[in-house]
Amino acid sequence: MPAETGINSYVNGPDENGRFGGFGGRYVPEALMPLTLDLEAEYRRAKADPAFWAEMDDLWTHYVGRPSPLYFAERLTERLGGATIYFKRDELNHTGAHKINNVLGQVLIARRMGKTRIVAETGAGQHGVATATACAKFGLKCVVYMGAHDVERQAPNVFRMKLLGAEVVPVTSGRGTLKDAMNEAMRDWVSNVHDTYFLLGTAAGAHPYPQMVRDFQSIIGKEARAQMLEAEGRLPDTLVAAIGGGSNAIGLFHPFLDDAKVAIVGVEAGGRGLDNKTGHCASISGGRPGVLHGNKTYLLQDDDGQILEGFSISAGLDYPGIGPEHAWLHETGRVDYVAITDKEALAAFQLCCETEGIIPALEPAHALAYVMKIAPRLPADHIICMNLCGRGDKDIFTAARALGVDMGGMPQPAASQ
Amino acid sequence: MGRISETFERLRSKNKAAFIAYIMAGDPDRTTSQAIFDGLPAAGVDIIELGLPFTDPVADGEAVQMAGLRALKSGQTVRATLDMVADFRARDTTTPVLLMGYFNPLFSYGVERFVADAATAGVDGLIIVDVPPEEDDDLCRPARAAGIDFIRLVPPTTDGVRLARVARDSGGFIYYVSVTGTTGAAAAVPEEVAPRIEEIRKVTGLPVVVGFGIRTAAAAAKMAAVADGVAVGSAIVSKIAENGPVEQALEYIGELSAGAHSARA
């Protein structure tokens, strides 16, 4: 059931109530409703304001370094011996991931609304770093909530945020990951609505966040589309991106949704395997619809509707939900959602380092692991475009531990086999 | 007329404000929780709010969060909470019982099935904090159709046109949240609350109850002087967390109730 206004289109959602089919909506306490409605109105004004987009373009060009290159991964293509593989290099952005695309947009919105204090949740720390960066640039107070477990496994990013002037609050409730950080950020927001803007890092949450984050991240897909036409004279056959909440993925996918010939695959974190109920973060492959953090979407939950703690080696994918537009794209069948295990992602992480001289983040390593599965079976004229949405500097400690390398106090080169 | 309106009517005729107590169902375990629940009317509680535990209570402060986790750890489920209400109803047919919590466990249970089972068990109202009027079709309308009041929280930030809309969409009473924030946050100030209650009374004929940030009998008395009812949650839940005998928790609740009931004496 394609979206509202154009009967054959997938790109017109959400509807006025923030719905993508049956998903999305505004499931927030009344204390947040007036602000949510204000935000929606302000975003609508900004979206129609050429001056807003001129400022975005200027920031994207001179501060982020866009457009990010579309890169032919030649040695990887040779190694896998099948499909032609391109990377969309969003790891080359300022702050090292796609997160900054969205953060700058929302900071401009927050300033238009007269808010002076920004709160954000972060998992891997990439969104926290991007938020702290933008707040430093614009002189805004910044508070980042981060699960205590993530604070430990992403120490370099914690230090970066502090350098950038942010207050990092470790969250000890729950298992201390992204879900718990999200709860605390929302509690802060509920308590400080008068001066505080909640800068959500993924295409989830209450309307208008999923739409707004998608619109800002769609710069990825718009560029990739034009770059692919220039490089190959045609569109790619398959798009692949990793999904936690799903912002880098929807950013790449959205401008291609109505290109029926382009196959689209979202890769969820399979952790220790889908047969282990609390051992993965694959909300679509291993969850069912529910309501959490402002939206109706696929969630990991038990039989009584209690939210389950997921698991993934990648802190950025360690979240029990997924953006509502993905839930809808899954139900319509437009996008395929698959899962990749920690082990498969680690193998892809290493292969990318060795063959391309690029240390990827563990998040896009999941997307790459799926590419490794399908590429060998495909012909050379099949073009795959994968979103390399983050760089792996932040992950070398986690990867070293998983690969059994003791880095001790002395940084050692990442694993070799 | 339902139990909620009958209760406010009866108290109004005695020139008294309602005292509303919140406990978390299944905290610290089902048996203890049922014993406290059953003892509430004798402790002077006019309306009971029974919390439905949820893993991710974004509108609650630490006391209620911890209570929910204790309840879940003891194995509490939606069905078990409905069973607690049915057990209570076998002994008490007049005290209104409200269920307070978050939407996902009810969505998971199945909304139609839930409202039917809740009505059968003897539930009078629902306070489900993450379902605003924008999402009425999900729960508010089915609950109303089953004869269950859908009670809305009105925080200080909701005013003007939106206040009228939220009030129009409420049943039972209006629950005025006296502080901006989560449950158990800063203490409420009666001087600030009184004008807001007047504002709410201009747009609805429903009773107005004040909650959030009331921790003592004296504070309950002050709020009861300006509102139709006073709700206490986090302070009671914190008392229960001390794990003393059931009587001790009920005694404390009795003191709060006496405070609320003394206001207009």
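Two strands count as paired when DSSP finds at least two bridges between them. With that in hand, welcome to this predicted model, and to an open sheet in chain A that pairs in the antiparallel sense and has four strands in the order β1-β2-β12-β11.

## The open sheet of chain A

Each end of this sheet is an edge strand, pairing on one side only: β1 (19-20) and β11 (288-292) of chain A. Strand β1(A) is joined to strand β2 (residues 23-27) of chain A by 2 bridges, and the two pair in the antiparallel sense. To find this pairing in the model, look for A:Arg19, which stands opposite A:Gly24 in β2(A).

## Chain A as a whole

Stepping back from the sheet, chain A has 16 helices and 14 strands. Its radius of gyration is 20 Å, close to the 22 Å that the globule rule gives for 417 residues, so chain A is as compact as a globular protein of that length. The C-alpha trace of chain A spans about 55 × 55 × 50 Å along its principal axes.

How much of chain A is buried? Of its 417 residues, 64% are buried. Sequence separation adds another view of this chain. Among contacts in chain A with a separation of 6 or more, 72% are between residues 24 or more positions apart.

## Two domains in chain A

The domain assignment splits chain A into domain 1 (21-61 + 99-213) and domain 2 (67-96 + 218-402). As the ranges show, each domain is written as two stretches of the chain. The centres of the two domains of chain A, taken over C-alpha atoms, are separated by 22 Å.

The two domains also touch: 40 residues of domain 1 of chain A are in contact with 41 residues of domain 2 of chain A.

## Strand β9 and its neighbours

Now to a strand in the interior of chain A. In strand β9 (residues 238-243) of chain A, 6 of the 6 residues are buried, so the strand is largely enclosed by the rest of the structure. Both of its faces are covered: A:Thr238, A:Val240 and A:Ala242 lie on one side, A:Leu239, A:Ala241 and A:Ile243 on the other, and all are buried.

Which strands pair with β9(A)? One is strand β10 (residues 263-271) of chain A, which runs parallel to β9(A) and is joined to it by 6 bridges. Another is strand β14 (residues 383-387) of chain A, which pairs with β9(A) in the parallel sense over 3 bridges. A:Leu239 is a handy residue to click on here: its bridge partner in β10(A) is A:Ile264, and its bridge partner in β14(A) is A:Cys385. Helix α11 (residues 247-253) of chain A joins the picture too, making a right-handed β-α-β unit with β9(A) and β10(A).

## Strand β14, enclosed as well

Strand β14(A) has 5 of its 5 residues buried, so it is largely enclosed by the rest of the structure. From this strand A:Ile383, A:Cys385 and A:Asn387 point one way, while A:Ile384 and A:Met386 point the other way, and all are buried.

Besides its pairing with β9(A), β14(A) is joined by 5 bridges to strand β4 (residues 84-88) of chain A, and those two run parallel. In that pairing, A:Thr84 stands opposite A:Ile383.

## Chain B as a whole

Chain B has 12 helices and 9 strands. For its 265 residues a compact globule would have a radius of gyration near 18 Å, and the 17 Å of chain B agrees with this. Along its principal axes the C-alpha trace of chain B spans about 45 × 40 × 35 Å.

Of the residues in chain B, 61% count as buried. Contacts between residues at least 24 apart in sequence make up 74% of the contacts in chain B between residues at least 6 apart.

## The nonpolar cores

The largest nonpolar core has 189 residues, and those with the most contacts inside it are B:Phe37, B:Phe114, B:Leu126 and B:Phe173. This core also draws at least three residues from each of domain 1 and domain 2 of chain A. Another core lies apart from it, with 33 residues, including A:Val265, A:Ile340, A:Leu362 and A:Ala365.

What surrounds B:Leu126? Leaving aside its neighbours within four places in sequence, B:Leu126 is in contact with B:Leu99, B:Phe114, B:Leu139, B:Ala143, B:Ile148, B:Asp149, B:Phe150 and B:Ile151.

Note on methods
Residues are numbered from 1 along each chain as its sequence is written. Chains are lettered from A and ligands numbered from 1 in the order in which they are written. This is a predicted model: local features need pLDDT of at least 70, side-chain atom pairs count only at pLDDT 80 or more; totals for chains, interfaces and linings use all residues. Side-chain values use heavy atoms; hydrogens and water are left out. A nonpolar core is a set of buried Ala, Val, Leu, Ile, Met, Phe, Trp, Tyr and Cys residues joined through side-chain atoms within 4.5 Å. Buried means under 20% relative accessible area, exposed over 50%, partly exposed in between (1.4 Å probe, protein chains only). Domain bounds come from an automatic or database domain assignment. Contact means heavy atoms within 4.5 Å. A crossover is right-handed if, with the strands pointing away from the viewer, the path from the first strand over the helix to the second runs clockwise. The radius of gyration is taken over C-alpha atoms; the globule rule is 2.2 Å times the number of residues to the power 0.38.
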